[in-house]
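Please look over the sequence and the structure below before reading on. The report that follows takes up annotated regions, helix packing, a salt bridge and some backbone details.

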Amino acid sequence: MASFFQQSLATGWSFKDAEDHSAEAWMPVARVPSVVHQDLIANNKLQDPYVGFRELDARWVNEKSWTYRTVFQKPAVPVGSSVTLAFDGLDTFAKVKLDGNVILESNNMFLAHRIDVTKALEADGDHVLEIDFDCAMLRARELRAKDPQHKWVGFNGDPARMGVRKAQYHWGWDWGPVLMTAGIWRDVRLEVYTARVADLWTETDLAVDHHAAQVSVFAQVEGATSSSKVSFILSLHGQEVARAVAEPQDQVAKVVFDVQQPSLWWPNGYGDPTLYDISATLDQDGAAVHQISKKIGIRTAEVVQRPDKHGKSFFFRINGVDIFCGGSCWIPADNLLPNISAERYRKWIELMVHGRQVMIRVWGGGCYEDDSFYQACDELGVMVWQDFMFGCGNYPTWPEMLESVEKEAIYNVRRLRHHPSIVVYVGNNEDYQVQEQQGLTYNFEDKDPQNWLKSDFPARYIYEKILPEVVQRYSPSTFYHPGSPWGDGKITSDPTVGDMHQWNVWHGTQEKYQIFDTLGGRFNSEFGMEAFPHMSTIEYFVENEKDKYPQSHVLDFHNKADGHERRIATYLVENLRTATDLETYIYLTQVVQAETMMFGYRGWRRQWGDERHCGGALLWQLNDCWPTISWAIVDYFLRPKPAFYAVARVLTPIAVGVRREHHDWSVTHAQPPKKSKFELWVASNLQKETRGMVELKFLSVDTGREIRERIVREDVTIVPNGTTDIIVDGVIDHQEYAEPHVLAARLWVDGKIVARDVDWPQPFKYLDLSGRGLEVKTVSTSDDQQTLLISAQKPVKCLVFEERDGVRVSDSAMDIVPGDEQTVTITGLKADAPPLKYKYLGQ
């Protein structure tokens, strides 16, 4: 019996403009997966579209069709074996021909394809594989024109995009360029076999006391015979835990393992993200012919929705532990998807862990991510909120569309269901908001799916019938949520139910970021503030020195957000003393972003302790798809902005928080308050009660001296997984203590400072922050690590260290106050390298 064999078809390809029939039209392709922009760049037919205005120079590519071709030798095919041509992804309208015969026509980027080519390859020798990629942009317009009755409404990009199952951001978004890719964007190979394990998955039942778990293991077998047997092995850290053998019944073999004292999968910060290995070996006539293995986690994951005093909860519970989900939204990390290596994916997730984030939301306008993305999340303990790929639109529901969507959903849920990191599937991004804003029909009480299809919001059929049925069938233990935002069919801005996208800071009513926490809901799955990236990133795409000023044409071109000039200007002018030199301007936008994120996360984490009022906060957005100015807190080159560190501090396992009540200086015509209330609290995600000491000092901004007696609370009992209020009725009498001062809080546990927070008078523009007496001393040095000791004579706001590739700082965007030295560890900086530069507000 012949064993399974596969032959990669990654090399030997060439490509051309489909309309160019000349002999010299063909150009070499270094390797697939690739997309046409990468191959044109490699052949010097296109310059880097991420630099300057070159995106515009690349627009001609968007309206072209392309042909890819390779010649391969027929593999050895043992008697009784078959040959399958496997494509893991074709972008998007693809006609595949083998030796001139059409064997596949595909129109869905998110589907894999398997074609039996045994008969087609009967002849020995060379075979020609050719793929015509039709222009997705033009095909989308044709499809839209065929259905003028449908209401083609949405946000971002050409509405025609909704007729095509392709990554929607390729049509451009408010953070990304218009680059319409085409090509073999995922692996392609030949497989030769008599039988194979086509799929391997598990279903886990964990006992309430966690002392035992029942792991049901399933293997789908293709080509099973009466002699077929499947051997299953479950192992942990290379040690066998259990093994069993089963014969396939109806092409599926199943065994059940009873695991005693299982090691559980936990999100980072809550325990180890333990992974077991499960393997399935197919034996035919006593010989092993195929084996596959996967990593799985033993855990439970729930979304808890129950009535409470705030409405109806929405939070995640893992292994019986309630988890405040501080995290980020994820967009594709490149416009040219094959550019993203497994190593680059892992670096992104490592950054999240470094930033104490526990959840990533894979946004619905991108793609179902590469396996290596989810593997990194599994291994590093980052939970995944997985949108289905629908975003910001009113999607059509032609019969062929619904059939394609169902296949897409089945394929991807089956591909992803073994990943313990995936804790929720969500039907779409903001499509219910489009329905609301456009006045489309949505009667939640109408439960007849056929009526939904007849309405002017027919995609409800996808989100409330097709997708939940697929999830229930193929991943029954994973929670399904119809949309983001969505809550029980109510208006999407309802703060009492479901999840919320809160954009009234930046967009909408442009509220002051200082009140962000009052604007949230039960789970805040989008919110954000723009900031420029670091100067090193600006220098990548700004070619000319004369363009290095804040309002230059090329900088505006690299900010795709509507009205960004007015919005950035508003938040800068309201809060900071403005500047016109680019480096300072960059820094000021970063200060605003860092403060915005801090105010949101700090308040919402505090609300977690109020009967789970806020279940989590996922900022928009973690990353970029090209070098740009956006809401990302880490730029395209993996360089963190100050907001990254501000969020990490708020998400520390035990955090202290202090804030005075908001006084809106704009509304009061800059008249200062006579008195201000203040509050002091501790937020903990530890699972046990802790004791600590809390100190609050009142320090003059101008002199650095204490202006009133400090407050100390010794032996404070810190409640587990919640909030401990220390002071809820504090008062500042501004007539008695007239000079501006900060409220500086520190928390000690077991004799060590574990958290700090500093509340500043608002806005910063009224403060004189010159002459701070800041001292940054190197106190220890090794080959690749330095420790800095930082002190100040007067309060320092937002001390930011230079981001240098290959170098990691343990903290940045720091507030430094007199009498409280802080240390920062720098890793990866060679001893002979120049020291990192730094900047602070008012410098």
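What are the percentages of helix and strand over residues 677-766? In this predicted model, the chain over residues 677-766 is 0% helix and 62% strand, and the C-alpha atoms at the two ends of that stretch are 20 Å apart.

## Annotated regions

The stretch just described carries a label in a record: an unreviewed UniProt entry lists residues 677-766 as "domain: Mannosidase Ig/CBM-like". The same question can be put to a second annotated stretch, which UniProt, again in an unreviewed entry, places at residues 13-186 under the name "domain: Beta-mannosidase-like galactose-binding". Over residues 13-186 the chain is 15% helix and 26% strand, with the end C-alpha atoms 14 Å apart.

## Helix H14 and its partners

Two packed helices are described by the angle between their axes and the distance between the axes. Helix H14, which spans residues 582-608, packs with helix H15, residues 642-650, at an angle of about 20 degrees, and their axes are 8 Å apart. Since angles under 35 degrees count as roughly parallel, H14 and H15 are therefore described as roughly parallel to each other, and H14 passes H15 in a right-handed crossing. On the H14 side the contact is made by Gln-590, Gln-593, Ala-594, Met-597, Met-598, Tyr-601, Arg-602 and Arg-605, which meet Pro-642, Ala-643, Ala-646, Val-647 and Val-650 in H15. Sorted by class, the residues in this contact of H14 with H15 are nine nonpolar, two polar and two charged.

H14 also packs with helix H13, residues 564-575, and here the axes come within 10 Å and cross at roughly 80 degrees, which makes H13 roughly perpendicular to H14. In this contact Ile-568, Tyr-571 and Leu-572 of H13 meet Tyr-585, Leu-588, Thr-589 and Val-592 of H14. The residues of the contact of H13 with H14 comprise six nonpolar, one polar and no charged.

## Helices H5 and H6

Another helix pair is formed by H5, residues 342-354, and H6, residues 371-380, whose axes come within 9 Å and cross at roughly 35 degrees; the crossing of H5 and H6 is right-handed. Ala-342, Tyr-345, Arg-346, Ile-349, Glu-350 and Val-353 in H5 meet residues of H6, among them Phe-373, Ala-376 and Leu-380. The contact of H5 with H6 divides into eight nonpolar, one polar and three charged residues.

## A salt bridge between two strands

Side chains of opposite charge can pair when their charged atoms come close. The structure holds 59 salt bridges, and one of them joins Arg-660 to Asp-759, with the closest N and O atoms 2.4 Å apart. Arg-660 lies in strand E31, residues 654-660, and Asp-759 in strand E37, residues 752-759, so the pair ties together parts that are 99 residues apart in sequence.

## Backbone details in loops

Where in the chain is Gln-621 found? Gln-621 is in the loop between strand E30 and H15, and the peptide bond leading to Gln-621 from Trp-620 is cis, with omega near 10 degrees. A cis peptide bond also joins Gln-762 and Pro-763, where omega is about -5 degrees, and Pro-763 is found in the loop between E37 and strand E38.

Asn-156 is a residue other than glycine with a positive phi, near 75 degrees. The place of Asn-156 is in the loop between helix H4 and strand E10.

How values were computed: Residues are numbered from 1 along each chain as its sequence is written. This is a predicted model: local features need pLDDT of at least 70, side-chain atom pairs count only at pLDDT 80 or more; totals for chains, interfaces and linings use all residues. Side-chain values use heavy atoms; hydrogens and water are left out. Axes are lines fitted to C-alpha atoms, for helices over the stretch in contact, and angles run from 0 to 180 degrees between N-to-C directions. Helices (H or I, at least four residues) and strands (E, at least two) are DSSP runs, numbered from the N terminus. Angles under 35 degrees count as roughly parallel, over 145 as roughly antiparallel, 65 to 115 as roughly perpendicular and the rest as oblique. A crossing is left-handed if the near helix is turned anticlockwise from the far one by less than a right angle, and right-handed if clockwise. Contact means heavy atoms within 4.5 Å. Ala, Val, Leu, Ile, Met, Phe, Trp, Tyr, Cys and Pro count as nonpolar, Asp, Glu, Lys and Arg as charged, and the others, Gly among them, as polar. UniProt positions are given in the numbering used here, feature names are shortened, and annotations may be inferred rather than shown by experiment. A salt bridge is a side-chain nitrogen of Lys or Arg within 4 Å of a carboxyl oxygen of Asp or Glu.
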